[in-house]
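Reader: I've got a few "how do you know" questions about an interface. Can we go through them with the definitions at hand?

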2 protein chains.
Amino acid sequence: MIKHISHIGIAVKDLDAGIALYEKLGLKLESIEEVPSQKVKVAFFPCGDTRIELLAPTAKDSPVAKYIETKGEGVQHIAFAVDDLPAELQKAESSEIRLIDKEPRPGAHGADIAFLHPKSTLGVLIEFCKEKH
Amino acid sequence: MIKHISHIGIAVKDLDAGIALYEKLGLKLESIEEVPSQKVKVAFFPCGDTRIELLAPTAKDSPVAKYIETKGEGVQHIAFAVDDLPAELQKAESSEIRLIDKEPRPGAHGADIAFLHPKSTLGVLIEFCKEKH
């Protein structure tokens, strides 16, 4: 079951510029975390029961760098918080939604995550996320 | 002040296909509304304290049709719910954020809305939204 939106992932070239913008808009920076497996540095801004996550690449071959190269800066993915990640993946697959990750893998904030393929989800990169807390 | 994320606007070519997808993912369709001023039909899916809003063009010159033509289907805007829309617009402008709408205008669900220019917001089309309820 989807409980709420865990976060909205926004690709930015420069993390400091992104942080300055969302602070201007009135959000409060919660923390910054590096996710080496994804070659990104992430800044978290809580907003209601969800978060804005700014994603800045730390290497040229980071998936986020490739995203910015082809699509430009902007919303890169939406993450839905689910209660049972393997069950949701199985349900999606049985509904003929293509999975990028057939098995959960570790994400930021100690969560387990898996991505669905945007070719099956009308162009939106969707993440299912089992939050730690 | 930003209170929470009011909604995430997702551009789709075909509203029925969009509705079928988000129902498969486990969300529940709340309502469908046509917004003639924007030449869109909108499907609302509540999710925690926010909503997924699927936006399908009803005419070729709809802003959403133009968005899909240039960028493809996907996340088109993020709407932040604010308590005082004119005050937030003034604050954004004084922070040198360009506004698309200098004055609030009517949106879906009886809300007052205004858009910021994505050239000042790192590629993300941001809406400020004063919700009715």
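Reader: How many salt bridges does the rule find across the interface of chain A and chain B?

Author: Zero. To score, a side-chain nitrogen of Lys or Arg has to sit within 4 Å of a carboxyl oxygen of Asp or Glu, and the rule finds no such case between chain A and chain B. Bear in mind that this is a predicted model, where local features need pLDDT of at least 70, side-chain atom pairs count only at pLDDT 80 or more, and totals for chains, interfaces and linings use all residues. Side-chain values use heavy atoms, without hydrogens and water.

Reader: What makes up the area that chain A and chain B bury between them?

Author: It comes to about 3000 Å², 73% of it on carbon and sulfur atoms. Buried area here is the accessible area (1.4 Å probe) that two parts lose on being put together, summed over both. On the chain A side, Lys24(A), Leu25(A) and Leu122(A) supply 22% of the area buried against chain B, more than any other three residues.

Reader: Why is the relation between chain A and chain B that of a two-fold axis?

Author: Copies are superposed by least squares on the C-alpha atoms of residues with pLDDT of at least 70 in both. Here a rotation of 180° with 0.0 Å of shift along its axis puts chain A on chain B, at RMSD 0.0 Å. So that's a two-fold axis. The same surface serves both copies, with 100% of the contact residues of chain A recurring in chain B.

Reader: And how many residues does the contact take from each chain?

Author: 38 from chain A and 38 from chain B, with contact meaning heavy atoms within 4.5 Å.

Note on methods. Residues numbered from 1 in each chain as written. Chains lettered and ligands numbered in written order.
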